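Please look through the sequence and the three-dimensional view below before reading on, and keep both at hand, since the explanation moves back and forth between them.

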Amino acid sequence: MADLSTTYMGFTLKNPYIASSSGLTDSVEKAALLQKHGFAAIVVKSLFEEQIMMDVDAQRMNNMFNSYSEAEEYIEYYTRKHALSSYVELIDGMKQKLSIPVIASINCSSADSWIDFAGDIQAAGADAIELNMFIMPSDVKMKGDEIEKIYIDVARKVAQTLSVPVAMKIHHYFSGMANFAVELSRTGIKALVLFNRFYQPDVDLNTLKVTSGSILSHPDENAEVRRWLSILSGRVACNLAASTGIHDWQTAVKNILLGANAVQVASAMYKSGPEILEPWIEETNKWLDTKGFESINSITGKLRQADSIKPLAYERAQFMRYFSDAR
Ligand SMILES: Cc1cc2nc3c(=O)[nH]c(=O)nc-3n(C[C@H](O)[C@H](O)[C@H](O)COP(=O)(O)O)c2cc1C
């Protein structure tokens, strides 16, 4: 039997499989089930500041004083406090019930809140914190370097303020992606999670309305994760976790070979339940044995670009051969 353990964010995980932040990690009962099925860590459903502020607005609508006043300030204070304390209770409950690391997750919309929220959640006993950070580069007045600076500042401030390890989950809409990821990895964070997945707009041709695309990922979406794992592994100063499009154990192993220290899973569980993990673990083990590898650690990043004798193969931009043959 091969050794499936991996080192991620300073933890020794019994295997590389982490339950990704989602509705499947939003209660103590669900988290306990995930642990039972073999997940080595869980990332709790994110606490969203934007959601809290929407709740604040809804409360304001009901404000019986009907004007901006101290009462409104109280509503905001109370709603934020209440949301935070519910989340803190959730983390506390998970910590009491689970033996695997519990990674809390936050998404904040204002700069100072990242520190406030993260501090309270650390105090609740979370083993680590994942910053679920996304600024869609859709503001035509905002330059790329301004957006990147926000990510770097938040990562640095939170990592320097907290004593628990911090990860940042990002998207890949950065023009200087490799350079940016390396800079981000030097802020003191312990891991980069590649990538978070957005709401995907679609169009209904009958109603002519913009609708939501699939909430769950497709296996093909993992290609972008594989690209960036292979390029960043061995170059960033922190661990890497893969997220998006991991629907089978083979994809998980490919991500590890390209540089992932851990893989996060959400959609596959929504489709087939958390019980998928037991066969994945078994098959991962069998594959390692068949190939004569003793451990997950021995294959992590084995196929990354940094150690390749043909590094340009990872950067080939177009299917030149395919198109010339197909003519
Ligand atoms: C229903 C649902 C809820 C999610 N909620 C969160 C969340 O609160 N925070 C977060 O960082 N990611 C959230 N995600 C994104 C997942 O953690 C994951 O990054 C994404 O789904 C891609 O991974 P997958 O292909 O394994 O699904 C959610 C995903 C789904 C499907």
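A good place to begin is the ligand, and the space taken by the ligand is the largest pocket. The model is a predicted one, and every distance, angle and area in this text was computed from it. Around the ligand there are 20 residues, and the closest of them are Ser21, Ser46, Ser217, Gly245 and Ser267. What kinds of residues make up the shell around the ligand? The shell divides into 6 nonpolar, 11 polar and 3 charged residues.

Within this setting, three side chains can be followed to the ligand one after another. The side chain of Ser20 has an N or O atom that is 3.0 Å from an oxygen atom of the ligand, and a polar side-chain atom of Lys45 lies 3.0 Å from a nitrogen atom of the ligand. Lys169 also takes part, with a polar side-chain atom that lies 2.9 Å from an oxygen atom of the ligand. These pairs count as polar contacts because the N or O atoms in them are within 3.5 Å of each other. How much of the surface that the ligand exposes when taken alone is buried by the protein? Taken alone the ligand exposes 610 Å², and the protein buries 89% of that.

The backbone is the next topic, and a general remark helps in reading it. Most residues other than glycine have a negative phi, and most peptide bonds are trans. Against that background, the peptide bond from Leu194 to Phe195 can be picked out, for this bond is cis, with omega near 5 degrees. If you wish to find the place in the view, look for Phe195 in the loop between β9, which covers residues 191-194, and β10, which covers residues 201-204.

Two residues can be picked out by their phi angle. Met9 is not a glycine, and yet its phi is positive, at about 55 degrees; this residue is found in the loop between β1 (6-8) and β2 (11-13). Leu208, which is not a glycine either, has a positive phi of about 55 degrees, and its place is the loop between β10 and β11 (209-212). Is each of these residues buried or exposed? Met9 counts as buried because its relative accessibility is 3%, and buried means under 20%. Leu208 counts as exposed because its relative accessibility is 70%, and exposed means over 50%.

From the backbone angles we can turn to threonine side chains that reach backbone oxygens. Thr6 lies in strand β1, and because its relative accessibility is 1%, Thr6 counts as buried. A polar atom of the Thr6 side chain lies 2.7 Å from the backbone oxygen of Asn261. Thr187, by contrast with a strand residue, is found in the loop between α6 (177-185) and β9, and because its relative accessibility is 5%, Thr187 counts as buried. Which backbone oxygen does the side chain of Thr187 reach? The side chain of Thr187 reaches the backbone oxygen of Leu184, at 2.6 Å.

Finally, it is useful to set separation along the chain beside separation in space, using C-alpha atoms as the markers. Ile103 has its place in strand β6, residues 102-107, and is buried, with a relative accessible area of 1%. Although Ile103 and Pro165 are 62 residues apart in sequence, their C-alpha atoms are 9.3 Å apart in space. Arg156, which is found in helix α5 (residues 144-161), counts as partly exposed because its relative accessibility is 35%. The C-alpha atoms of Arg156 and Lys209, 53 residues apart along the chain, are separated by 41 Å.

Two further pairs can be traced in the same manner. Ala268 lies in helix α9, residues 267-272, and is buried, with a relative accessible area of 5%; its C-alpha atom and that of Val166, 102 residues apart along the chain, are separated by 25 Å. Ala223 lies in helix α7, residues 222-232, and because its relative accessibility is 38%, Ala223 counts as partly exposed. How far apart in space are Ala223 and Ser267, which are 44 residues apart in sequence? From C-alpha to C-alpha, Ala223 and Ser267 are 16 Å apart, and with Ser267 the path returns to the ligand, since Ser267 is one of the closest residues around it.

Notes. Residues numbered from 1 in each chain as written. Predicted model: local features only at pLDDT ≥ 70, side-chain atom pairs only at ≥ 80, totals over all residues. Heavy atoms only, no water. Near = heavy atom within 4 Å. Polar contact = N/O pair within 3.5 Å; in protein donor to acceptor, adjacent residues only side chain to side chain. Areas by Shrake-Rupley, 256 points an atom, 1.4 Å probe, with all protein chains shown as cover. 1 Å grid on protein atoms, 1.4 Å probe; cavity = no way out; pocket = protein on both sides within 12 Å on 5 of 7 lines; lining within 4 Å. Sits in = over half its atoms within 2 Å of the grid points. Nonpolar A, V, L, I, M, F, W, Y, C, P; charged D, E, K, R; others polar. Helix = DSSP H or I, 4+ residues; strand = E, 2+ residues; numbered from the N terminus. Buried < 20%, exposed > 50% of the residue type's maximum accessible area, 1.4 Å probe, protein only.
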